[in-house]
Amino acid sequence: MTTQMTRASAPRTVTGKSSRPARGSAAHVGRPGFAWAVPATLFFALFAIAPLVMVGVLSFMSWNGLSEPEFVGLDNWTRIFDDPVMIQSIWLTLLLTLLGVALQTPLSILLGVWAAGEQRNRAVLSAIYFVPLLLSSTAVSVLWRALLDPNFGVPAQATWLFGDGNLFGKQSTAIGVLAFVSTWQFTPLHTLIYQGAARAIPQVLYQAAEIDGAGRFRQFFHITLPQLRNSIITSMILMVVGGLTTFETVLILTQGGPGTDTTISAYYMYQKAFKSFDFGAGAAIALVLVVAATIISLVVVRLSGYDKMRGTMEGMS
Amino acid sequence: MRTRVRFSRVLACGVALAAALTLTACGGNGASAGGDDKIHVLVYGDATNKVEKAVVDKFNKTSKVKVVLDTIPGADYQQKLQTIINTPQAPDVFFNWGGGSIQPFVKADLLLPLDDFIAKDAKLKDAFLPSVFDSAVLDGKAYGVPMRGTQPVLLFHNKKVLADAGVQPPKTWAELLDAVKTLKAKGITPIALGGGDQWPTLMWFEYLYDRIAGPELFKKALSGDKDAWASEDSKKALGMLKELVDAGAFGTNFDSVKFTDQGSPTLLARGKAGFELMGSWEYSTIQDFDKAFAEKSLGYTAFPSVPGGKGDAAALVGNTNNFYSVMKKTKHPEAVAEFLKLMYSDDFVKQQLAIGNLPTTTNTEQYLDTSASPAFSHFQFDLVKKAPTFQLSWDQAYPQSAATPMHQAVQQFVNGRLDADGFIKAMQALPTE
């Protein structure tokens, strides 16, 4: 009962000019106790930490899923770093991630800022444009695989552009298809982020700029873009993480082919573990991915100042 | 009171978490072999399951030990099988392709040799065509009883396209090359190839090697003799294949075409291609989307002979059959033996034929006229019966771990990324055990 009483009376003590609640009541309302974190912690430990540790152990073992796992020391590690396909897969992963960022960022900023306008037609069009976001990656990949069939799909109708339509038979075009399909699928998500962020930019900034005689381009580059800074960082981190963990798109569109030309690390891990039943090597590749993703995220966070995350509203009030 | 609220919430979350965990734990129980009076039979999930279901129902009517049929749908069968086979969820009897698909299980000592069963009932061996039965014999012991149908690889063609171009179905390699040139000159892709799937490309290697070097070369390579791949015959086969590719036989965009999404069979059925080398399932695949074409204009012949080659022109390659293998730890070996006897029963054979499969029992022949497509069934059965050897598809003869690098090497040789030496090296690097 006491809690209810203090809670009910709390606003009364807080009202007034003070921007902070009074000390006493804060202590009463309190932060959530440690117990609140137990379910999430348990869940995380059980489904993230424990498997990670097990994968770490497995990467020093030889196991085909049938016999007892045997410790083989660094064997898996020396094998994957001597493996040209593995080295190539790291470069391919980075390339696809970079392509994703380079294609999706400008597109989604422009679309997001456009969609932030209040006009009715923009609302309708952006609603349609968000549809890919609602489809599963698998469905999207199956759809594009069919659309890009060289004999019965789009390439057969547009030979001036696609030539013989051998999109999945050459490395350059196969990578292009993968980058394009991811862009098609994920740009709406980032557009959504930028739309929200662009709507949050105070109109007074634009009004002031107009009085100062700034045109649309100057407004975009000197107000919109700097104001979107934090959203750009957020969206980029999402893109990088998404790019590093791309899997279904490759599984369905190219199966890592032709040959090993689009075998990115995540797919190579699956191939080693679940197609060749070399779980030790698969585990080692998985760890490489974890370490690489962690380093890259840290670098992005550091370089972008995300860790300090300045407000974009300085001097506004 | 506050603490109590907190506590109960924690408890609620804990219960929810525990519930979630037990649910996942239950999820895997579908194929448990635990029951005392049950045997679990695991099969590849597809349209043929209705026949397997009927056999199981028939068996359960009279048997004390009941059979439970479990299925794993489609393409992931082998992967899922290997992940459960050494766990308590493993079945008693399971579907497989013989050869390399069961070799790791034999090595891990998980399978029951069927020689005792055969000693008690010789028909478990003698009722099947020998070339087929042998695919599941490893280290001199039988590990599988054929079920479902045989699937030899045949050279299919579009009769109308060939007639319009004035081309006869080729009997020799030279005739095939001529046909390729004629069709290409007419602006038709001579041979449809689902290169995107990789295994259709492999079929060309399998036949050419068999025709030129006979079945021994591959047998040697599989037993670990890496020199087999570097032999003169091997180089000759690669050279002839290269000649075919360079002649434009497959067009230029074959690596973007797949069989599995009906890309390549559609090319054949629509008259955009003249030939396709494919397993006998090509017939039912095309029948599904163009019944009239399958019955009227779809032609089929054996793979052409290669004069001067050591191989027999009547030899076949493909999926010899599917098999039932038995786990060593099964609690009811007698019941399993009784169940396996149904695989050569007249009823089972008739039901398989009715849905388009071609069983490989010695009694199949008398029921061929009852099949879904009698002419095609007769043609296939005669081929299989006369075949001196029936080479199991390479990717199934080798251990599973070799399949991916083998497919990649095959694709890269045909699209020019690997030369003959590169291909030979890649094949030599494949694990053989």
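Helix α3 (residues 77–84) of chain B lies across three strands of chain B: β1 (38–45), β2 and β3 (93–96). The helix runs at about 150° to β1(B). This is a predicted model.

**The sheet of chain B**

Those strands belong to an open sheet of 5 strands in chain B, in the order β2-β1-β3-β12-β6. The pairing is mixed. At the edges sit β2 (66–73) and β6 (145–147) of chain B, each pairing on one side only. From one strand to the next, the twist averages 30°.

Next, the pairings in detail. β6(B) meets strand β12 (residues 322–326) of chain B in the antiparallel sense. Elsewhere in chain B, strand β7 (residues 151–158) and strand β11 (residues 316–319) also pair in the antiparallel sense. β11(B) runs parallel to strand β13 (residues 390–392) of chain B.

| Strand pair | Sense | Bridges | Facing residues |
|---|---|---|---|
| β6(B) and β12(B) | antiparallel | 3 bridges | P146(B) and F323(B) |
| β7(B) and β11(B) | antiparallel | 2 bridges | P152(B) and G318(B) |
| β11(B) and β13(B) | parallel | 3 bridges | G318(B) and L392(B) |

G318(B) turns up in two rows: it stands opposite P152(B) and opposite L392(B) in β13(B).

**Where chain B meets chain A**

In chain B, 40 residues are in contact with 41 residues of chain A. The size of an interface is often given as the accessible area lost when the parts come together. Here the area buried between chain B and chain A is about 3300 Å². Carbon and sulfur atoms give 52% of that area.

Side chains of opposite charge can pair when their charged atoms come close. How many salt bridges does the rule find across the interface of chain B and chain A? It finds 1 salt bridge. The side chains of D261(A) and R417(B) meet in a salt bridge, with N to O at 2.5 Å.

Over all chains, the count comes to 14 salt bridges. One of the pairs within chain B is D347(B) with K58(B), at 3.5 Å from N to O. This pair links distant parts of the chain, 289 residues apart. D347(B) sits in helix α17 (residues 346–354) of chain B, and K58(B) in helix α2 (residues 49–62) of chain B.

**The annotated spans of chain A**

An unreviewed UniProt entry annotates "transmembrane region" over residues 33–61, 90–115, 127–147, 167–186, 232–253 and 279–301 of chain A. Two of these spans are described here. Residues 167–186 of chain A are 80% helix and 0% strand, and their end C-alpha atoms lie 21 Å apart. Residues 279–301 of chain A are 100% helix and 0% strand, with end C-alpha atoms 33 Å apart.

How does the length of helix α17 (residues 279–304) of chain A compare with expectation? At 1.5 Å a residue, its 26 residues should span 38 Å. The end C-alpha atoms of α17(A) are 37 Å apart, so the two values agree.

**Backbone details in chain A**

Most residues other than glycine have a negative phi, and most peptide bonds are trans. Chain A holds exceptions. A cis peptide bond joins G257(A) and P258(A), with omega about 5°. P258(A) lies in the loop between α15 (248–253) and α16 (265–275) of chain A.

F277(A), a residue other than glycine, has a positive phi near 55°. F277(A) is placed in the loop between α16 and α17 of chain A. Just after α17(A), G305(A) takes a positive phi of about 75°.

Definitions and conventions
Residues numbered from 1 in each chain as written. Chains lettered and ligands numbered in written order. Predicted model: local features only at pLDDT ≥ 70, side-chain atom pairs only at ≥ 80, totals over all residues. Heavy atoms only, no water. UniProt positions renumbered as here; feature names shortened; annotations may be inferred. Helix = DSSP H or I, 4+ residues; strand = E, 2+ residues; numbered from the N terminus. Expected span 1.5 Å × (residues − 1). Pairing = 2+ DSSP bridges. Axes fitted to C-alpha atoms, helices over the stretch in contact; angles between N-to-C directions. Contact = heavy atoms within 4.5 Å. Buried area = accessible area lost by both parts, 1.4 Å probe. Salt bridge = Lys/Arg side-chain N within 4 Å of Asp/Glu carboxyl O.
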